[in-house]
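Could you show me around this structure, one selection at a time? I have it open in a viewer and would like to know what to click on next.

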Amino acid sequence: LQLPDYRVERPSGAQALVVARGGGVAQRLRKALEAIGGLTHYVKPGDIVLIKPNAAFDRSPLLGATTNPEVLEQLVRMLLEDCRAEEVRVTDNPIESPAACFAKSGIGAAVARAGGRVLLPDGNAFATVTTPGAEVLQQWSLLLRPLHNVDKVIGVAPAKDHNLCHASLGIKNWYGLLGGRRNQLHQDIHAAVSDLALVVRPTLTIVDGSAVLMRNGPTGGNPADVKHGDALAVGTDPVALDAWAYEQLLERGPQLPGYLYEAERKGAGSVAYADRMREVL
Amino acid sequence: VRLIAAWIRERQLRRLLRLSNVRLLSQAFFFAAFVLSVWATWTTRLQGYPVSRLLEIDLLVFVSTALSTGFVYRFLGWAVVVLILTLLFGRVFCNWICPFGTLHQAVGWLFCVRKPSERWRRNQYRSAYRHKYALVLVLLVLAGLGALQIGLVDPLSLLYRSVVTAIAPAVDWLAKTIAGAFPSLNGVADDLIFAPGAEQRVFVGSFWIGALFVVLVGMNLVIPRFFCRVLCPLGALLGACSRFAVFRINRAVGRCTDCNLCLTRCEGACNPHSQLRLSECFACMNCLDDCPEDALSFTMMHRDRQQVIPEPDLGRRRVFFALVTGLLAYPLLKHNGATTITKVSPQLVRPPGSLEEEEFLQRCIKCEQCLDVCPTNVLQPASLEQAGVEGLWSPVLDFNLGFCQLKCSLCSEVCPTGAIRTISVAEKLGAASFAQAGPIRLGTAFFDLGRCLPHAMEIPCVVCEEVCPTSPKAIQTSDVETHTVFGERITLRKPFMVPDLCIGCGICQYSCPVTDQRAVRVSPMGESRSPQRQLLLDRRIIPARRKPV
């Protein structure tokens, strides 16, 4: 069993990475998606779309540990109304109890308001997936049931500090689709996270910088750990997107987290983002 | 003709509205309420519904907790309603309200089909039925001395415990298995099952709870209403009260032909065919239907000794024996060394909001409502090793199975007796007005360095640090330059514990990849509820520091 490649060719002239600044969260998302070629270019009428937010923790959205529900609500609306997607599913395999995580993070309610469908994981929802070229995730259990018949996949991640792998951004977000003994992956975390960039080849990745968890990640818990910003980035190259977010949102570098270099080596993208990005205000 | 038709219609209506049918309706209502309360006791469904109300109207819970604690907690006063009902109509609770009684009756009705003569014999009073009165006396003496043990045999505690830990997980497993085969049923299954959106729940030792339940229910095939007639301590308490009941079954002796048909479906074995035993009668009203001479009625009558035996069949010697047994059982229970000030099981971690152990045990009725509502399955019925005989099946946290979810205080909401007092999430976390008191600590996590990957094997890990939810984290790391077995120089992050910050939520233990005996484990040291088990002389103020990499 292998996951399909969900990538879509960018329209000519669109950059691999678009950053929108200013305005409200919803406006930024709209502007960024326009600048990368329009969401309708990537999602066609009748598509089934899976959105993977970070709903790992039972935390209020203000604490920056989970994906901003406003972004999700706007995205689901755009997918259903502008793109006329047939169905928008939202799923995650959180660290804390799924029902509570989706409730307290505000993600469950936001998705429901916009007309999307939240799928919670259970024991039957997982299956082993093969990923050629991956080091440690070559054969690994994945939250597969929500991916059944899906045409497009979009990751929506917050930007977070992470002690062991330095940062949890767009690529690390796919960790939430993993099942099995995923607590073993920390023994070779950079190999595992860079593998994720091969396991899931998403249509689009979104990193939201409205509430950046600067320290005590990935759990946070203290509003003082959160930096409020006005940037949101959309990318078709998740490696470039994460490199940008690491430097611009988490304000770290120039040495990037090891997994980004490894992902580049494995052919998932390129860390050099400077001349492949566009900023819109 | 019209008159005759009207007469027939009225007769039909009266037949339809006869007391035994009204009783059936009441039973159906309360049984449905019971099932619904178990269904609603789940993190996504509990929205202030009074899911513990059936336990809160339990007169035995009311009386025994009042005896053991000296006061009446929260809604337990509702039991007075049942007391009033009993003083008016006798033991109606047993056959009109109690869902466990309904279950016994239904099982007997469905599976214990016998010839009428055999049924008359089995539905006559037997001296074995007096044991429940002795049992309730022992339990009440224990409660009065401060050891609450009613939970083991109280019908509602027993029913909730059995359904929560044994039946509900089995039902969920079955429903999920069927839904797994027919994916279109997934949505329906999620609405019906008891714990949707969670892994299959497991409860340690539920086999024995389930086995006891099956045996008690199965005994109906040997002795009808075995539990209700022989064991039920709540029934015994209500039976003792029903001697004062205003209404009772009355036999018009002149009309009675001694045919014994009234015994055919008698639930309580209260001898309506001769001297009615008031304390045994469940007011099931079946005898009214079965009497061919209309000699029986449920009416306001005197308790004359010619016709009724008002008091339980327990002589003074037996009462004395029961009281002495209770008196002797108390030191046996208390002093068997399971939990003392200096000796406590390292696995005796109690839910957030639990009172100090002594007071906790004075309240816990082992109904497992807290286990049912727990979203992570961390709450488990305690084993003998963990809590001793006294604390058997009381709630403990097993962090190999789950963890205490940070922003959750549901177990404290559903606890009917206040063994876990009602706390808010703010109080649990020590937020807002609770900042001075600090968070509620369940214990402290300790590293087992010999099993820890970075400490013992020079292999990177620190999953524990990653999931630690406090801010600043109670598990922090220090970087150590070292050589791997291949001679490669690496910087290894080694975790260490900051006990001042640990709240004992156990997510570190739950997430530790050393699956069997975890390399980090929470024990009750430092738990807020126990002054004796504090670890630190002084809690240091830890700065929120983390140097960027």
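## Stop one: a pair in chain B

Select R421(B) and E427(B): their side chains come together in a salt bridge, with 2.9 Å from N to O. Keep in mind as you look around that this is a predicted model. Now color the two partners by how much surface they show. R421(B) has a relative accessibility of 32%, so it counts as partly exposed. E427(B) comes to 15%, and because buried means under 20%, E427(B) counts as buried.

## Stop two: a bridge across the sequence

Next, select D448(B) and R521(B). Here too the side chains meet in a salt bridge, this one at 3.1 Å from N to O. Where do D448(B) and R521(B) lie in chain B? D448(B) is in the loop between β7 (444-447) and α22 (453-457), while R521(B) belongs to strand β10 (residues 520-523), so the pair ties together parts that are 73 residues apart in sequence. D448(B) is partly exposed at 22% relative accessibility, and R521(B) is partly exposed with a relative accessible area of 27%.

Stay in chain B and add R350(B), E357(B), E527(B), R529(B) and R533(B) to your selection. Salt bridges with shared partners link these residues into one network.

## Stop three: one turn of a helix in chain A

Switch to chain A and pick E73(A) and R77(A). In this salt bridge the closest N and O atoms are 2.7 Å apart. Show the backbone as a cartoon and you will find both residues in helix α3 (residues 69-81) of chain A, four residues apart, which is about one turn of the helix. Is E73(A) buried or exposed? E73(A) is buried, with a relative accessible area of 16%. Its partner R77(A) is partly exposed, at 29%.

If you would like to keep hunting for such pairs, the count over all chains comes to 45 salt bridges.

## Stop four: a nonpolar patch

Return to chain B, turn on the surface, and select W173(B), L174(B), I178(B), F182(B), L185(B), V188(B) and L192(B). Together they make a nonpolar surface patch of about 710 Å². Which helices should you highlight underneath? Try α10 (155-181) and α11 (186-192) of chain B, each of which supplies at least two residues of the patch. Helix α10(B) gives the most, with three residues.

For a closer look, click on I178(B), which sits in helix α10 of chain B. At 44% relative accessibility, I178(B) counts as partly exposed.

## Last stop: zoom out on chain B

Finish by showing chain B on its own as a cartoon. You will be looking at 24 helices and 10 strands. Rotate it to take in its proportions: along the principal axes, the C-alpha trace spans about 105 × 60 × 40 Å.

How much of chain B is buried? Of its 549 residues, 54% are buried. Turn on the surface again and the accessible area of chain B comes to about 24600 Å², with 65% of that belonging to carbon and sulfur atoms.

Two more views are worth a try. Draw the contacts in chain B with a separation of 6 or more: residues 24 or more positions apart account for 75% of them. Then color the charges: chain B has 58 positive and 41 negative ones, and their mean positions are 7 Å apart.

Terms used: Residues are numbered from 1 along each chain as its sequence is written. Chains are lettered from A and ligands numbered from 1 in the order in which they are written. This is a predicted model: local features need pLDDT of at least 70, side-chain atom pairs count only at pLDDT 80 or more; totals for chains, interfaces and linings use all residues. Side-chain values use heavy atoms; hydrogens and water are left out. Buried means under 20% relative accessible area, exposed over 50%, partly exposed in between (1.4 Å probe, protein chains only). Contact means heavy atoms within 4.5 Å. Accessible areas come from the Shrake-Rupley method with a 1.4 Å probe; for residues, only the protein chains shown count as cover. Lys and Arg count as positive and Asp and Glu as negative; His and the chain ends are not counted. The place of a charge is taken as NZ of Lys, CZ of Arg, CG of Asp or CD of Glu. Patches are made of residues with over 30% relative accessible area and no salt bridge: like charges are joined within 9 Å, nonpolar side chains (Val, Leu, Ile, Met, Phe, Trp, Tyr) within 5 Å. A salt bridge is a side-chain nitrogen of Lys or Arg within 4 Å of a carboxyl oxygen of Asp or Glu.
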